[in-house]
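Subject: Structure handover

Hi,

Here is the structure for you to look over. My notes on what turned up follow below it.

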Amino acid sequence: MAMKAATCPNCGAAIKLDDRLERGICEHCDSVIIIDDAIQKYKIEVSGKVDLVNLTSAENDVQYGEICIKAKDWKNGLGAFQKAIEKDTANFRAWLGCLKAITHNFTELNENLGATRGVYGYESIVNNCLHLANEAQRQDVARKLEALIEQTKKSEQLVFDNKLDSMRNAYQKYKKKLNMYLMFASAAFFLFIIFLCSKLYALAIFCVALFFVFTSFYSKEKLNRSVRKDATPPRNRKLLDIVSNIEHMIADTEK
């Protein structure tokens, strides 16, 4: 049996649990606990070197969330900050913690942010961070968001440019293939005229057949491919909309 050190999420007691099981019972408070959560809680306590027993106040939830952020445990960090907000809706550190959790500490924006709506959606989180902050805090959050937006735009542009290069290369290959079919078809037609004039009718008929084969390939290639010289790949509209919304929110607070 592989016993692991853990911390009970309910009473905060240090316990030992079998990590092969999904659930266990705390020997101190007899509560049923999820073993993975209890082990993770213990690891975060050890790495943070703080006592997280009896987390009841919003500040303790914020403290736990900040430890999770340092450990890059974004999910549990977000959950802790949300608990703090339920106890104190005007807690700036809790809203800032939520923002750090969903942006991976101001290092990443992705289109999945738009999937969450309501109180804990990205719009609500950004708005509350900017409006509950004092002037110095607001400027700091705005500066970090602007840097993240600039990084996201550059990254998205790089992805777009790579896709555009790929499409242009595909177009060039497509064009070369069409030119090859046209060249063979033209050669077959030219030989057909020569053989017809020379009364070599069998060879002339063969050249006609080649002509139709290559023109058929040419037609099929044109029908099967939608690559155009002026074609452009689609932009990541969801991500760009998120970036635009955040820019507007920052601009509104600066008025």
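One definition to start with: helices are DSSP runs of H or I with at least four residues, numbered from the N terminus. By that count, Asn-76 is found in helix 3. Please keep in mind that this is a predicted model.

Asn-76 first. Its relative accessible area is 28%, which makes Asn-76 partly exposed. Asn-76 and Gly-65 are 11 residues apart in sequence. In space, their C-alpha atoms are 7.1 Å apart.

Overall layout

The protein has 8 helices and 4 strands. Read from the N terminus, the order is β-β-β-β-α-α-α-α-α-α-α-α. There are 255 residues, and 35% of them count as buried. The exposed area is about 15700 Å², with 55% of it supplied by carbon and sulfur atoms. Take the contacts between residues at least 6 apart in sequence: 55% of these join residues at least 24 apart.

Helix 4 against helix 6

Helix 4 covers residues 92–102, and helix 6 covers residues 135–197. Their axes come within 13 Å and cross at roughly 5°. Angles under 35 degrees count as roughly parallel, and helix 4 and helix 6 are therefore roughly parallel to each other. Which residues meet there? From helix 4 come Phe-92, Leu-96 and Leu-99. From helix 6 come Gln-137, Val-141 and Leu-145. By class, this contact has 5 nonpolar residues, 1 polar residue and no charged ones.

Cores

The largest nonpolar core has 34 residues. Those touching the most other members are Leu-99, Leu-109, Val-126, Val-141, Leu-145, Ile-246 and Ile-250. Six elements are worth having on screen for this core: helix 2 (58–70), helix 3 (74–87), helix 4, helix 5 (122–132), helix 6 and helix 8 (237–254) each give two or more residues. Helix 4 gives the largest share, with 8 residues.

A second core, of 8 residues, lies apart from this one. Among its members are Cys-8, Leu-17, Ile-33 and Ile-35.

Back in the largest core, look at Ile-246. Leaving out residues up to four places away in sequence, Ile-246 touches Leu-109, Tyr-122, Val-126, Leu-145 and Ile-149.

Thr-152

Thr-152 sits in helix 6. Is Thr-152 buried or exposed? Buried means under 20% relative accessible area. Thr-152 has 7%, so it is buried. Leaving out residues up to four places away in sequence, Thr-152 touches Leu-109, Leu-239 and Val-243.

Two backbone points

Most residues other than glycine have a negative phi. Two loop residues are worth a look against that background.

Lys-72 is not a glycine, yet its phi is positive, at about 60°. Lys-72 is found in the loop between helix 2 and helix 3. With a relative accessible area of 61%, Lys-72 is exposed.

Asn-105 also has a positive phi, near 60°, and is a residue other than glycine. Asn-105 lies in the loop between helix 4 and helix 5. Its relative accessibility is 35%, and Asn-105 counts as partly exposed.

That is the set.

Best wishes

Technical notes:
Residues numbered from 1 in each chain as written. Predicted model: local features only at pLDDT ≥ 70, side-chain atom pairs only at ≥ 80, totals over all residues. Heavy atoms only, no water. Buried < 20%, exposed > 50% of the residue type's maximum accessible area, 1.4 Å probe, protein only. Contact = heavy atoms within 4.5 Å. Areas by Shrake-Rupley, 256 points an atom, 1.4 Å probe, with all protein chains shown as cover. Axes fitted to C-alpha atoms, helices over the stretch in contact; angles between N-to-C directions. Parallel < 35°, antiparallel > 145°, perpendicular 65-115°, else oblique. Nonpolar A, V, L, I, M, F, W, Y, C, P; charged D, E, K, R; others polar. Core = buried A, V, L, I, M, F, W, Y, C linked by side-chain atoms within 4.5 Å.
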